Amino acid sequence: MRNFFMSTALAALIAAPAFAAGDLTYVVNNESATYDPGLTSETFAAPIIGNTFEGLVRFTEGGEIEGAMAESWTVSEDGRTYTFKLRDAKWSDGKPVTAHDFAYAWMRVLDPAAGAKNPSMFYLIEGAEEHYAAGGEGDVAISAPDDMTLTFTLTNRIPYMMQLLTYTNWFPVRQDVVEADPEGWTRNPETFIGNGPFKVTEFNFGESVVFEKNDEYFEADEVSLDTLTFRLIPDQATALTAMESGQVDGIEAVPAPEIPRLMAESDAFMIVPALGTTYAFFNPAQAPLDDVRVRKALSMAIDRQDIVDFVLQSADQPAIGLVPYGMTINGEDFRDGVDTYGLDADAQVEEAAALLAEAGYPNGEGFPETVFVTYTSPPIEKLLEAIQQMWKKNLNIDVEIRATEWQVYYPEVQQVNYQIAQMGWGADYPHPMTFLDVFLPDSPNNLAAWKSEAYADAVDAAKATADEGESLAAMREAESILMNDHVILPMYHRYNYMMMSPEVEGFWRSSLNVPYFRNATLSE
């Protein structure tokens with residue numbers, strides 16, 4: 001079915017005009033299950049939400065914070081109470097954006113019935129955690145005293161609060177729109193009401209999403225594109241063919257084997273820093289992964305450097321921990337001087353085999369049937385096949401790889417119905433806590449259902465202190481607890497390798513993996 005789609009998708013691309021004035025086409029490789037700003041945590045939703053919604057503040061291309069829906073703000077002396085004054089802005093249907101829209105959106109995330117993936121992100125606010133635990137009952141320190149004023153109070157000072165507010169879960173949504181169709185409002189262009197530079201005019205599921213300029217946007221005069229199309233092409237090689245034949249203006253990823261050629265030959269090729277780590281979850285409740293020695297042996301037996309050099313053929317970095325490079329706290333990169341947790345960029349074959357034998361599987365004998373599940377993606381499947389071969393060569397064990405479409409795969413993984421599951425995490429905001437929060441026991445993104453009281457205590461300690469050095473030490477302690485239990489199989493810290501036509505100016509893609517077309521223009 002996927003191959004048929006690829007051929008028809010490419011045929012449609014070739015039949016289309018390449019460069020219509022003010023019309024830009026960008027290829028994405030995956031389609032999200034939901035585009036609800038408050039409920040989703042999927043990276044695949046970021047391109048759509050990031051161009052149709054905006055929060056109180058946003059990042060500039062240089063990584064600075066600037067006002068979006070907020071015209072100004074103040075913070076109390078103790079660093080706990082934030083007060084925002086909103087600018088005169090409108091939704092895409094012409095109704096005003098108000099502070100009540102923000103208050104409603106945030107309280108909706110804290111209603112367990114809504115099914116938000118990141119409610120713990122809001123536990124920084126006084127009363128929020130208790131409210132969620134009580135099923136949506138109790139006071140929370142969020143208020144909108146008038147249409148243009150929003151205020152909230154934190155339990156403790158949070159140095160990265162402004163960065164946090166750029167994430168989609170903090171964006172406003174309209175109560176009347178959501179409550180009219182809670183399940184379907186983000187799947188229908190008529191009800192997908194946003195406040196960003198573009199609005200959706202077509203959802204062609206399995207094929208494309210089409211946008212047009214939002215004339216109600218507060219900076220509409222600075223938006224040049226009339227039409228923006230995100231075309232879905234899951235196969236990166238097919239997308240590259242479309243790009244090189246001039247049928248699309250940009251693609252979000254390129255096949256790994258083509259990176260050296262494109263780096264040398266193409267003025268459309270781009271390397272974008274990414275705060276992301278690709279890893280797999282081990283399910284510690286499923287044999288044989290219920291033995292930490294097995295989990296560690298599997299992790300030690302893979303050659304991460306070979307994966308980067310020969311499988312990915314990229315500039316990505318081998319990962320032996322959760323948090324990627326590029327997170328600077330108290331003047332230090334999080335990864336500087338951190339323990340290796342018994343892992344290395346190169347395979348540690350003898351040590352891994354000894355651990356597996358200690359666990360009862362000498363030379364792989366008697367190793368039970370084990371399945372490594374993943375979502376359908378040619379590059380990811382190639383990666384897992386390489387790991388599969390490493391396990392066979394270095395440990396003499398056979399592990400089956402099973403791939404299904406994302407919409408089937410992800411619900412199964414959410415139910416922790418697997419032995420080993422491919423996943424990863426991209427930063428929601430540029431701070432280590434965006435990775436560490438994933439593994440708290442009440443996080444819906446903790447897809448291994450792993451629990452550690454010591455880990456939760458270390459995370460709490462990192463959040464509670466105003467001293468950045470103490471916070472960094474506590475966060476490093478938390479990572480060590482997770483990694484020494486080998487709940488994840490870290491593979492690599494990633495960069496994004498993409499292409500954008502030199503005819504396109506003003507486009508940028510953040511290290512949080514959101515492509516921004518707000519200021520994009522097409523040269524005549």
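**Strands, helix contacts and unusual backbone sites in a predicted model**

Pro 288 is placed in the loop that runs between strand E12 (269-282) and helix H9 (292-300). The structure described here is a predicted model, and the peptide bond that joins Ala 287 to Pro 288 in this model is cis, with an omega of about 0°.

Two further sites stand out by their backbone angles. Tyr 341, although it is not a glycine, has a positive phi of about 60°, and this residue is found in the loop between strand E15 (332-333) and helix H11 (349-358). Tyr 341 counts as buried because its relative accessibility is 2%, and the cut-off for a buried residue is under 20%. Ala 449, which is likewise not a glycine, has a positive phi of about 55° and lies in the loop between helix H14 (433-436) and helix H15. With a relative accessibility of 48%, Ala 449 counts as partly exposed, since the term exposed is kept for values over 50%.

The loop that holds Ala 449 leads to H15, and Glu 453 belongs to this helix, which covers residues 453-464. Glu 453 has a relative accessibility of 66% and therefore counts as exposed. Between the C-alpha atoms of Glu 453 and Ala 421 there is a separation of 24 Å, while along the chain these two residues are 32 residues apart.

H15 also takes part in a contact with helix H16 (residues 468-484), and the axes of the two helices come within 8 Å of each other and cross at roughly 160°. Because an angle over 145 degrees counts as roughly antiparallel, H15 and H16 are described as roughly antiparallel to each other. Their crossing is left-handed. On the side of H15, the contact is made by Ala 454, Tyr 455, Ala 458, Val 459, Ala 461 and Ala 462, and on the side of H16 by Ser 471, Ala 474, Met 475, Glu 477, Ala 478, Glu 479, Ile 481 and Leu 482. Divided by class, the residues of this contact comprise 11 nonpolar, one polar and two charged.

A second pair of helices crosses at another angle. The axes of helix H10 (residues 304-312) and helix H12 (residues 378-395) come within 11 Å, and the crossing angle is roughly 130°. H10 is therefore oblique to H12, and H10 passes H12 in a right-handed crossing. The residues that meet in this contact are Asp 306, Ile 307 and Val 311 from H10, and Lys 382, Leu 383, Ala 386, Ile 387 and Met 390 from H12. By class, the contact of H10 with H12 consists of six nonpolar and two charged residues, with no polar residue among them.

Turning to the strands, an open sheet is formed by four of them in the order E4-E5-E7-E6, and the pairing within this sheet is antiparallel. Strand E4 (70-75) and strand E6 (142-146) are the edge strands, since each of them pairs on one side only. From one strand to the next, the twist averages 20°. E6 is joined to strand E7 (residues 149-153) by three bridges in the antiparallel sense, and within this pair Ile 142 stands opposite Phe 152 of E7. Helix H3 (residues 99-109) packs on the sheet, where it touches strand E5 (81-86) as well as E6 and E7, and the direction of H3 makes about 160° with that of E6.

Parallel pairing is found at strand E1 (residues 23-28), which pairs with strand E10 (residues 227-232) in the parallel sense over six bridges. In this pair, Val 28 of E1 stands opposite Leu 232 in E10. E1 is also joined by two bridges to strand E11 (residues 250-251), and these two strands run parallel as well. Here the bridge partner of Tyr 26 is Gly 250 in E11. E1 is mostly covered, for five of its six residues are buried.

Definitions and conventions:
Residues numbered from 1 in each chain as written. Predicted model: local features only at pLDDT ≥ 70, side-chain atom pairs only at ≥ 80, totals over all residues. Heavy atoms only, no water. Buried < 20%, exposed > 50% of the residue type's maximum accessible area, 1.4 Å probe, protein only. Helix = DSSP H or I, 4+ residues; strand = E, 2+ residues; numbered from the N terminus. Axes fitted to C-alpha atoms, helices over the stretch in contact; angles between N-to-C directions. Parallel < 35°, antiparallel > 145°, perpendicular 65-115°, else oblique. Left-handed = near helix turned anticlockwise from the far one by under 90°. Contact = heavy atoms within 4.5 Å. Nonpolar A, V, L, I, M, F, W, Y, C, P; charged D, E, K, R; others polar.
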